[in-house]
Amino acid sequence: MTTQEIVSKLCNLCNVLRDDGITYHQYVTELTYILFLKMAKETGTEEIEHKDGSVRVNIPAGYRWDDLVGKSGIELKKFYKALLTHLGDNCTGRVREIYQGSATNIEEPKNLEKIITSIDALDWYSAREEGLGNLYEGLLEKNANEKKSGAGQYFTPRVLIDVMTKLVDPQPGERCNDPACGTFGFMIAAHRHVKEATDDFFDLSQDMADFERNEAFTGCELVHDTHRLALMNAMLHDIDGEIKLGDTLSSMGASMKDFDVVLTNPPFGTKKGGERATRDDFTFSTSNKQLNFLQHIYRSLKANGKARTAVVLPDNVLFADGDGERIRIDLMDKCDLHTVLRLPTGIFYAQGVKTNVLFFTRGRTDKGNTKEVWFYDLRTNMPSFGKTTPLKREHFDSFVAAYTAEDRRTVSDERWSVFTREQIEAKGNSLDLGLIRDDSVLDYNELPDPIESAEEAVANLEEAVDLLMSVVKELKSLEVPEVE
């Protein structure tokens, strides 16, 4: 049985819970509680014996998978509730983080029993062979693609994550972070990128391999249930880096700094009630979340001329005036904003949302780092992507070729263009640039100037009136014979 088939079976179990009024997203959270116990048994990590003979107990005796699967009916439901409370209150580390504050939404004991027995019956040998982390990622992706789940807001298409990660190119020994990590997809991609480049860390020293596993990949997530999914995802990919539960735009976020790499897709919109971020280290105060995340990101990078990022941001970041313009100026001063990818529509949960990827590198100084910005238009005359037209790796091939070209000026591609810092300044520091002509849309830039057009119309009207008056004058001068 393939991972895809197992994911499909797990997702179909959601049908069992519909009568309990459980949403798709609640179901995935519930699955996380149950799958954690099953996967701990399958991977032999219910307790781990160290080389020195000490034993680390991850799941305490009496609260393990075999204890759960051995019960039924009302007894099962009561035990399951007690298990969630015990693991959240009395365990340590990842187990405590995942189960803290957990509660079940399943009211019908038969439904709970059906889920547990179905999970127990799956082909876990095949799942281990293909990777339990891949299985869980597949489940999260399926959840994100379910429109009713509302999960797409924190799930970035894997193909986009992989392209961004490849181009930013995280290296062994670098500290990587996602300040709005969702289910931790970017950091898992960064971890995989380094792992593949080092033969599963085999090429690294033991100290460096430990650093990659325990410190290199970190994140922060605001939503408690999503934070659980991130913790589970990280654990199944053998990542033990810190994943904070909290708001990056609060004072807590000020301590998240000195990173070599940031990869992220922060949430869009404004703070509730128009509140400003509570960060006292931001130069520019705004209620716009993505502008605040942008400030956080370039401030969180090491000022060493090498720390770099790729971040997904909506179009309004490119042209917002006031603080928006001042933040863009500050960004281009402190960083080399070398590339902007104009993304196609339809790749995120809200249809029609227009987004971009900004690639920039933090400079050693705070002034004059951006000399020119290259733009790639992957939006104009492109399909609107979604379920029927999925986004694929090959859609990015031409962009990757242009981005990685030794001399970008030699690239012959109408979608690829460059603007100097002076040209951008002349346009009011707007970065809403680089879109090619779309023949299916009226090009308002080529319409006549309205003032010139009005003046020309008045002149034409005056000329027509003069002509009409002369005709009337001529008619009056004609002698018309009387009619008998």
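Student: Where along the chain is the place of phenylalanine 184?

Tutor: Phenylalanine 184 sits in the loop between strand E3 (176-178) and helix H11 (185-197). Helices (H or I, at least four residues) and strands (E, at least two) are DSSP runs, numbered from the N terminus. This is a predicted model, in which local features need pLDDT of at least 70 and side-chain atom pairs count only at pLDDT 80 or more, while totals for chains, interfaces and linings use all residues. Residues are numbered from 1 along each chain as its sequence is written, and side-chain values use heavy atoms, with hydrogens and water left out.

Student: Is phenylalanine 184 buried or exposed, and how do you know?

Tutor: Compare its value with the cut-offs: buried means under 20% relative accessible area, exposed over 50%, and partly exposed in between (1.4 Å probe, protein chains only). Phenylalanine 184 has a relative accessible area of 0%, so it is buried. Its phi is near 80°, a positive value in a residue other than glycine.

Student: What is the phi of aspartate 238, and why is this residue called partly exposed?

Tutor: Aspartate 238 has a positive phi of about 60°, although it is not a glycine. The loop between helix H13 (224-236) and E5 holds aspartate 238. Its relative accessible area is 43%, so aspartate 238 counts as partly exposed.

Student: Why is glycine 246 called buried?

Tutor: The relative accessible area of glycine 246 is 16%, so the residue is buried. You will find glycine 246 in the loop between strand E5 (243-245) and strand E6 (261-264).

Student: What does glycine 246 touch, not counting residues up to four places away in sequence?

Tutor: Glycine 246 touches Cys220, Glu221, Leu222 and Met252, where contact means heavy atoms within 4.5 Å. The C-alpha atoms of glycine 246 and leucine 222 are separated by 4.6 Å, although these residues are 24 apart along the chain.

Student: Why are H3 and H5 called roughly perpendicular?

Tutor: Two packed helices are described by the angle between their axes and the distance between the axes. Axes are lines fitted to C-alpha atoms, for helices over the stretch in contact, and angles run from 0 to 180 degrees between N-to-C directions. Angles under 35 degrees count as roughly parallel, over 145 as roughly antiparallel, 65 to 115 as roughly perpendicular and the rest as oblique. H3 and helix H5 (residues 73-90) pack at about 80°, with their axes 12 Å apart. H3 and H5 are therefore roughly perpendicular to each other. Glu30, Tyr33, Ile34 and Leu37 of H3 make the contact with Tyr80, Leu83, Leu84 and Leu87 of H5.

Student: What makes H3 oblique to H7?

Tutor: Helix H3 (residues 24-42) and helix H7 (residues 109-120) pack at an angle of about 50°, and their axes are 11 Å apart. That angle makes H3 oblique to H7.

Student: Which residues of H3 and H7 meet, and how do they divide into nonpolar, polar and charged?

Tutor: From H3, Tyr27, Leu31, Ile34, Leu35 and Lys38 meet Leu112, Ile115, Ile116, Ile119 and Asp120 in H7. The contact has eight nonpolar, no polar and two charged residues. Here Ala, Val, Leu, Ile, Met, Phe, Trp, Tyr, Cys and Pro count as nonpolar, Asp, Glu, Lys and Arg as charged, and the others, Gly among them, as polar.

Student: How many helices and strands does the protein chain have?

Tutor: The protein chain has 19 helices and 11 strands. Buried residues make up 49% of its 484 residues.
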